[in-house]
Amino acid sequence: MNILNNTYHEIIMLMSIGLFISTAEYLVKIKIFATDGLLSWNVMQIRWENSSKNWLAQTAFKFINPRGLSAIFVLRCALLIALAFAPVGSLNAWLCLTGLLITVLLSSLVTFYGSDGSDQMTLLIIVTLFLVFCPVGHANPTLLKIGIWFVGLQSCLSYAVAGLAKLFSNEWRRGTAIKDVFNTRTYGSPWALSLLNNRPWLNKFLCWNVILMETLFPLSLFLPFPLAVCFWIWGFTFHFLTAVIMGLNSFLWAFMATYPAIYFIHTQLA
Amino acid sequence: MKTEFTTELVYTGVVGLLLALWFVATVICQFRESKASNFIRHHLDTFGMIPLWTFFAPSPGKRDYHLLFRDKYADQTVGEWQQMEITEERKLWSCIWNPQKRDKKVISDVVQNLVSTMPHYRSGEGDYRLLMFSMPYLIVLHAVSLCKRVPETESRQFMLAESCGYIKETDPTFILLSVFHQI
């Protein structure tokens with residue numbers, strides 16, 4: 001039971017740090033939700049026109065404006081801080097998770113453009129935590145294990161799918177994909193590009209390194225501990241470098257939050 | 001005591017089943033073009049809870065998108081093309097704190113969505129003019145219409161283009177040219 005609680009504690013802490021940063025980033029950029037902003041509700045509501053008669057949707061839509069969303073984001077930050085101090089499995093922690101889930105679902109009504117894989121992983125973790133710590137289930141060990149297995153397997157699936165999709169791509173197999181991405185102003189950087197430019201062997205090595213390690217990542221659940229650790233260190237390095245080079249800071253926290261679950265599954269299978 | 005045990009057991013089973021279904025749905029939805037995937041994404045997944053894990057693949061996203069606009073004035077003359085700044089250089093601390101990524105991701109998602117829906121409108125299946133009523137088109141139009149203008153401005157036209165970034169290996173390519181929209 002202690003191992004289960006410790007695993008959940010680590011998942012919650014890592015996920016919370018990432019979500020706190022991501023939420024604070026939205027608060028800084030709150031103007032994008034204004035009437036004259038990129039994600040103005042005047043335009044974004046078109047997506048929900050079929051739900052306009054639903055009273056629950058109507059209530060939710062009232063929050064979709066800069067003031068309402070600011071309140072949601074501030075509340076989310078407060079809930080994350082409270083969650084960090086609430087004992088894992090306590091009713092207070094579950095209430096914080098419920099609040100978090102509501103705020104995340106509310107903001108997702110308007111952030112379907114602009115959200116990324118880290119947001120999806122975070123949502124997936126929050127829903128899992130909400131379900132397994134619901135007082136009805138009394139946080140029984142079987143339920144807790146199911147939640148950990150789900151998060152760990154989703155994480156392994158994400159790496160495997162990303163790796164296989166790259167394996168079927170000419171650009172990744174040829175070894176040009178990473179240089180091409182680093183060449184963009186959106187996700188690249190001049191210094192990383194200068195390292196790869198005119199070094200086709202390095203490009204090919206990096207592309208195949210990502211393809212193989214991502215595709216084979218689920219093996220870290222079964223491999224002996226020293227080999228499994230190699231995958232996990234690779235995973236951390238990969239996310240750290242994508243944060244530094246590509247600015248994908250929230251991926252580091254969201255995916256690292258799943259590693260305690262992967263480690264737990266590994267210990268169960270060993 | 002027995003009732004409590006039964007409730008706990010049933011709840012555990014329900015959560016287990018729910019998470020198993022969620023996992024299976026995630027696997028199915030990785031096959032983007034399949035009918036099942038389309039059904040799940042468009043009819044069941046209201047909150048975007050089914051992730052797509054194919055990061056930067058199969059197409060690694062090797063182009064930068066550019067949003068340009070020009071104005072038509074009351075005297076019917078047309079102004080110069082101006083670029084709406086979407087991408088900006090990242091700072092050293094962007095690996096920890098990077099609020100700018102949101103604007104960039106919004107525009108990038110919207111443009112990619114627009115680009116992916118254009119063939120449908122161009123083909124016999126749809127009227128190309130209906131593209132103007134699509135959500136990504138409206139978001140782009142909304143974004144450009146917010147940029148500064150002079151009082152004489154009557155209408156605005158936008159253009160979407162793509163380029164290959166820092167090292168210009170190919171020329172920028174034109175993607176879409178809108179009609180003039182009254183603003």
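**Exercise 1. Work out how the salt bridge of B:D109 and B:K105 sits in chain B.**

Start with burial: B:D109 and B:K105 are both buried, where buried means under 20% relative accessible area, exposed over 50% and partly exposed in between (1.4 Å probe, protein chains only). Next, the pairing: their side chains meet in a salt bridge at 2.9 Å, N to O. For that term, a side-chain nitrogen of Lys or Arg has to be within 4 Å of a carboxyl oxygen of Asp or Glu. Finally, the spacing: the two are 4 residues apart in helix α3 of chain B, so about one helical turn separates them. That fits the textbook picture: an α-helix has 3.6 residues a turn, so residues three or four places apart point the same way. Helices (H or I, at least four residues) and strands (E, at least two) are DSSP runs, numbered from the N terminus.

A quick note before going on: this is a predicted model, with local features needing pLDDT of at least 70, side-chain atom pairs counting only at pLDDT 80 or more, and totals for chains, interfaces and linings using all residues. Residues are numbered from 1 along each chain as its sequence is written, chains are lettered from A and ligands numbered from 1 in the order in which they are written, and side-chain values use heavy atoms, with hydrogens and water left out.

**Exercise 2. Take two more salt bridges, A:E25 with B:K101 and A:K166 with A:E214, and say what each one joins.**

Searching the whole structure gives 8 salt bridges over all chains. In the A:E25 and B:K101 pair, the closest N and O atoms are 2.7 Å apart. A:E25 belongs to helix α1 of chain A and B:K101 to helix α3 of chain B, so this pair joins two chains. Both A:E25 and B:K101 are buried.

Now the other pair: A:K166 and A:E214 have their closest N and O atoms 2.9 Å apart. This one links distant parts of the chain, from helix α7 of chain A to helix α11 (residues 200-216) of chain A, 48 residues apart. Relative accessibility is 3% for A:K166, which therefore counts as buried, and 2% for A:E214, so that residue is buried too.

**Exercise 3. Describe the interface between chain A and chain B.**

Count first: 82 residues of chain A are in contact (heavy atoms within 4.5 Å) with 65 residues of chain B. Then the area: about 6,700 Å² is buried between them, 67% of it from carbon and sulfur atoms. Buried area here is the accessible area (1.4 Å probe) that two parts lose on being put together, summed over both. A:L38, A:Y113 and A:R185 supply 13% of what chain A buries against chain B, more than any other three residues.

On to the pairings: 4 salt bridges run between the two chains, including A:E171 with B:K62 at 2.7 Å, N to O. Helix α7 (residues 141-167) of chain A gives the largest share of the side of chain A that touches chain B, 13 residues.

**Exercise 4. Place A:F251 in its surroundings.**

Locate the residue: A:F251 is in helix α13 (residues 249-256) of chain A. With a relative accessible area of 9%, A:F251 is buried. Leaving aside neighbours within four places in sequence, the contacts of A:F251 are A:D116, A:G117, A:S118, A:H239, A:M256 and B:F55. Zoom out to the helix: 7 of the 8 residues of α13(A) are buried, so the rest of the structure largely encloses it.
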